[in-house]
Amino acid sequence: METQLPIHEINGTSFLVDVQKGELKEAGNPDNTIAFADMRYNEEGYGFSYDPLTKNLPEWNRLYKPEIELIQVPHMVELDPAGMAAKYGKTLQEVSGKTDFEVIVDQEVLAMRMKGKLPTIDIAGHLFYVDIRCDRLRPKDDFSTMGISISEIEEYQYRDGDTYVFTYDPKTHRAREIDPEKMTTIPKDLLFIEIPIPKLLDPVGYARKTGCHVTELLMNTPLKELHQARTIPWKETGLLILIKENANKNRHQVKQSQKKRTGRSKRKGI
């Protein structure tokens with residue numbers, strides 16, 4: 001299969017174009033790969049600094065060496081139009097004459113977003129508008145609350161940094177803070193929720209707020225109209241062990257307190 005991939009030459013070295021993986025792979029040396037995501041997207045395709053010694057992006061300590069070259073690679077739709085059509089479920093005619101940006105990014109969704117339509121996220125069955133400009137997830141059809149403050153939950157970044165996790169009150173449609181050190185039972189009125197970070201929820205709004213280049217951001221961040229939050233079962237949170245420890249600690253403290261009171265009563269009766 002590798003030999004069927006298109007080949008693109010960079011300064012005399014042949015690289016296989018693997019659009020499924022989004023990378024260039026040195027022919028005969030599959031361990032040497034250059035990801036398109038690590039290049040700078042532009043109107044002509046992709047630009048990057050190239051080290052002829054390693055045939056890859058330069059290490060930081062070689063970045064300004066005189067032998068480092070600036071390389072321009074065409075759009076993937078030019079390098080492998082059939083591969084791009086297959087990857088994104090389009091026909092060859094649909095990708096012909098297009099840029100990678102036009103193929104990869106849903107242009108209809110982008111047009112609606114640029115006109116002001118906010119992305120949404122379903123949290124435990126209730127729809128929220130993702131309003132990064134106002135730092136809010138605003139619940140639809142509930143004007144009794146401002147919703148969820150993004151800045152208040154950003155400290156609860158989770159796993160690889162692509163999601164936030166927080167406790168959520170489905171009755172008030174707000175995040176609610178808990179003290180794990182004081183929990184002795186699972187809070188039945190709260191849910192443990194996981195959502196994407198703002199950059200993934202609304203890359204356009206995030207780019208506008210932070211000054212990022214929206215085109216480059218969208219090339220590596222899927223644009224979606226609707227997201228789905230994940231409700232994490234309490235048994236998967238790791239809090240059950242802490243709850244059990246807290247409950248045992250409380251029982252021990254109650255017993256100790258009872259012993260002290262009993263001891264004082266006996267001394268009074270002597």
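For sorting pocket linings by class, Ala, Val, Leu, Ile, Met, Phe, Trp, Tyr, Cys and Pro count as nonpolar, Asp, Glu, Lys and Arg as charged, and the others, Gly among them, as polar. Keep in mind that the structure above is a predicted model.

**Exercise 1. Describe the largest pocket: its space, its lining and the classes of the lining residues.**

Solution.
- Step 1: begin with the space, which comes to about 280 Å³ for the largest pocket.
- Step 2: list the wall. The lining has 13 residues, and Y156, T167, R176, E177 and I178 are the ones nearest the centre.
- Step 3: sort the lining by class, and you get nine nonpolar, one polar and three charged residues.
- Step 4: find the elements involved. Both α6 (150-153) and β13 (163-169) contribute at least two residues, and β13 gives the most, with three.

**Exercise 2. Work through the second largest pocket in the same order of steps.**

Solution.
- Step 1: the space in the second largest pocket is about 240 Å³.
- Step 2: its lining is made of 16 residues, with F36, A37, Y46, M219 and N220 nearest the centre.
- Step 3: two or more lining residues come from each of β5 (40-42) and α9 (214-220). The top contributor is α9, with three residues.
- Step 4: by class, this lining holds eleven nonpolar, two polar and three charged residues.

**Exercise 3. Find which residues have the most contacts inside the largest nonpolar core, then follow L24 outward.**

Solution.
- Step 1: recall the background. In soluble globular proteins, nonpolar side chains tend to be buried together.
- Step 2: the largest nonpolar core here counts 29 residues, and L24, F36, Y46, F48 and V73 have the most contacts inside it.
- Step 3: trace where the core comes from. Elements that supply at least two of its residues include β2 (13-18), β6 (45-50), β7 (69-73) and α5 (107-114).
- Step 4: another core, of 17 residues, lies apart from the largest one, and I123, I153, F166 and L201 are among its members.
- Step 5: now take L24. Leaving out residues up to four places away in sequence, L24 touches I10, F15, L16, V17, N32, T33, I34, F36, M39 and V73.

**Exercise 4. Place strand β8 in its sheet and say which way its side chains point.**

Solution.
- Step 1: write down the strand order. The sheet is open, has five strands in the order β11-β10-β9-β8-β16, and its pairing is mixed. At the edges are β11 (148-149) and β16, each pairing on one side only.
- Step 2: look at the β9 side. Strands β8 (residues 120-123) and β9 (residues 126-131) are antiparallel, with four bridges, and I123 has H126 as its bridge partner. Two residues separate the strands of this hairpin, where A124 has a positive phi near 55°.
- Step 3: look at the other neighbour. Strand β16 (residues 226-228) pairs with β8 in the parallel sense through three bridges, and L226 of β16 stands opposite T120.
- Step 4: apply a general rule. In a regular strand the side chains alternate between the two faces of the sheet.
- Step 5: check it on β8. T120 and D122 point one way, I121 and I123 point the other way, and all are buried, that is, under 20% relative accessible area.

Technical notes
Residues are numbered from 1 along each chain as its sequence is written. This is a predicted model: local features need pLDDT of at least 70, side-chain atom pairs count only at pLDDT 80 or more; totals for chains, interfaces and linings use all residues. Side-chain values use heavy atoms; hydrogens and water are left out. On a 1 Å grid over the protein atoms alone, a cavity is a set of points where a 1.4 Å probe fits but cannot get out, and a pocket is an open set with protein on both sides within 12 Å along at least five of seven lines; lining residues have an atom within 4 Å of a point. Grid points are joined across faces, edges and corners, and a volume is the space filled by probe spheres set on the points. Buried means under 20% relative accessible area, exposed over 50%, partly exposed in between (1.4 Å probe, protein chains only). Two strands pair if DSSP finds at least two bridges between them. A nonpolar core is a set of buried Ala, Val, Leu, Ile, Met, Phe, Trp, Tyr and Cys residues joined through side-chain atoms within 4.5 Å. Contact means heavy atoms within 4.5 Å.
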